There are 2 protein chains.
Amino acid sequence: MPELRRDPVTGGWVIFSPERKVRPQFFGPGGDIVLTAEDCPFCDGNEAMTPPEVYALRQNHGHNIPGWSLRVVPNKYPALRVEGDLDRQPEGFYDKMNGVGAHEVIIESPEHAKGLELLPLSAVADVLLTFKRRILDLKQDFRLKYIQIFKNQGSRAGATIPHPHSQVIAMPVVPLVVVDELNRAQVHFQEKERCLYCDIIQHEIGVGKRVLFENSDFVVAAPYASSFPFSLNLYPLAHGERYEGVDDSLFAAMAEALQHSLQRLAEVLESPAYNLVLHTAPFDRDAARYFHWYLEIIPIIGGTGGFELGTASYINSVPPEEAVKILKGNIG
Amino acid sequence: MPELRRDPVTGGWVIFSPERKVRPQFFGPGGDIVLTAEDCPFCDGNEAMTPPEVYALRQNHGHNIPGWSLRVVPNKYPALRVEGDLDRQPEGFYDKMNGVGAHEVIIESPEHAKGLELLPLSAVADVLLTFKRRILDLKQDFRLKYIQIFKNQGSRAGATIPHPHSQVIAMPVVPLVVVDELNRAQVHFQEKERCLYCDIIQHEIGVGKRVLFENSDFVVAAPYASSFPFSLNLYPLAHGERYEGVDDSLFAAMAEALQHSLQRLAEVLESPAYNLVLHTAPFDRDAARYFHWYLEIIPIIGGTGGFELGTASYINSVPPEEAVKILKGNIG
């Protein structure tokens, strides 16, 4: 059983999951893919290689057989487990609880080597809509307080399986960094009676030079103080604190904004490894007025080291204005 | 000129340093070393390839010539620069200041391929004593508020040059994560009239199972809620909030504790890439009673991805008790 332990120095919870040690690694040491489509647990026809699916988009009424366009399965090596009680308890000087939660994999398409930038727009919209569906399902479990949806594309971004997929980790605690962000947004609202993120979006659209893409409902901009070169935030124009509150009619426009951004990154940075990170409100806090969900896109092109580990600060060699200029193709 | 920009969402400062983009990369894509000793700017005889030294231990009275056993030089591609005023100012909705600070490299020995685990103990003590000397020198600059000393060993730990070296970044702001840690330690002290870290050290020595090494003045233990597999903290037994306050007589014992730990990691994990991270009190805050400096040793054996970027939480597959057992050679 995984375990959560509280760090007495930071106050944050760390997940201990000894089972994940035995995961196979489908990338070689240089980051090259060593997994063929035949051996890939996420490929069409290999449904028996994963735990049974919990959700799928398919053209038939089967389960765990071919015919699907998107599949959600429990992670075979889960960081957290659905079974059991939290059993919060002290351990001498310290605090721990059972690692109760959920860890799912969203297999984005049957295609082994087609990333989100290459799929039909409707398939990208399906992936983004599935994020909402999984949150709505998992939040019914009263033990869970926060869901982190993310995507690791490429070994440098933390992926162990090359077949494109996203992941869902539902946790029994709210990460401190999320609490801190909410608290700061709340202070901004208390002072100004305005949403911090709405302010940022309005400012960025006005200034323009950090905006990569805009459509009727979404805007993609490089943050003024982005920690990583070429990182982008995808914001909904309409205020809303929860991803699962987005109307189904908006996912086509969201997919367009995401795919355009990923296509520009793939072209300019030669298909970099990247992470997607969803920021959305926890279940146990009413942040409706002051929080605003967004999706972070982080290409992995540099390395981090001891400075970043010690300070949680970053050294970025590409100002966001320049990154957007390059991504728009205005300079080379 | 580098620039610091404040992230309005986190409140933290990000360093923008466009010059660092052009750094040569002396590791190949697979992490292999592609730099020979002849071409290495940190090797004996190549002193002209670095900016002039600001400190050295040498057997002659020369400068920037061979004969040294340790050399400190400004980073050729500094994240922050010594020249100029901070010039704090708003930029529209945002905040920025000039990237004033210092960025130095401590070349730990003339040996191209000998890490700290292989050097004579006296050379390791010299490196650790040099950390203190550089802090004492740099803290005279009233513009600087915090110094991060760290070491990236190996490309996976963020090194671009394989020749063993540590780095010093002196900053005009205190990183938020440092402020948070100090605040938490202060609350612990206010409640208990005891240092949080002294409590942790006493508890760990009593429990024993997470302690790797102990001598008259230092203890090395795997933290109860360590974020990374096999990571270790080196604590001074005597309370003290500042690394630069350590008496010169203690560096031999500190070197023994550090070298023993690095040797065990090198043997058990096959010379992993690793980071060293110093945690010490900022200059502008009297944390004498409640903070306690320590050195963190983090071998880089797993990868991180979108989950860690979103939550600042970690999934660790090796509980610290097991890590210490393995490092002691009792299993594995």
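Visitor: Which residues have the most contacts inside the largest nonpolar core?

Guide: This is a predicted model. In soluble globular proteins, nonpolar side chains tend to be buried together. Here the largest nonpolar core has 184 residues. Those with the most contacts inside this core are Leu234(A) and Leu234(B).

Visitor: Which residues does Leu234(A) touch, not counting residues up to four places away in sequence?

Guide: Contact here requires C-beta atoms within 7 Å. With residues up to four places away in sequence left out, Leu234(A) touches Phe218(A), Val220(A), Ala257(A), Leu258(A), Ser261(A), Tyr294(A), Leu295(A) and Ile297(A).

Visitor: How are the two copies related?

Guide: Chain B superposes on chain A, with an RMSD of 0.0 Å, after a rotation of 180° and 0.0 Å of shift along the axis. The two copies are therefore related as by a two-fold rotation axis. The same surface serves both copies, as 100% of the contact residues of chain B recur in chain A.

Visitor: How do the residues of the side of chain B that touches chain A divide by nonpolar, polar and charged?

Guide: In chain B, 65 residues are in contact with 65 residues of chain A. Elements of chain B giving two or more residues to this side include helix H2 (176–192), helix H3 (196–207) and strand E8 (146–153). The residues on this side of chain B divide into 34 nonpolar, 22 polar and 9 charged.

Visitor: Which residue stands opposite Ile315(A) in E2(B)?

Guide: Strand E15 of chain A, residues 315–316, pairs with E2(B) in the parallel sense over 2 bridges. Opposite Ile315(A), in E2(B), stands Ile15(B).

Conventions: Residues numbered from 1 in each chain as written. Chains lettered and ligands numbered in written order. Predicted model: local features only at pLDDT ≥ 70, side-chain atom pairs only at ≥ 80, totals over all residues. Core = buried A, V, L, I, M, F, W, Y, C linked by C-beta atoms within 7 Å. Buried ≥ 20, exposed ≤ 12 C-beta atoms within 10 Å, placed from the backbone. Contact = placed C-beta atoms within 7 Å. Least-squares fit on C-alpha atoms with pLDDT ≥ 70 in both. Helix = DSSP H or I, 4+ residues; strand = E, 2+ residues; numbered from the N terminus. Nonpolar A, V, L, I, M, F, W, Y, C, P; charged D, E, K, R; others polar. Pairing = 2+ DSSP bridges.
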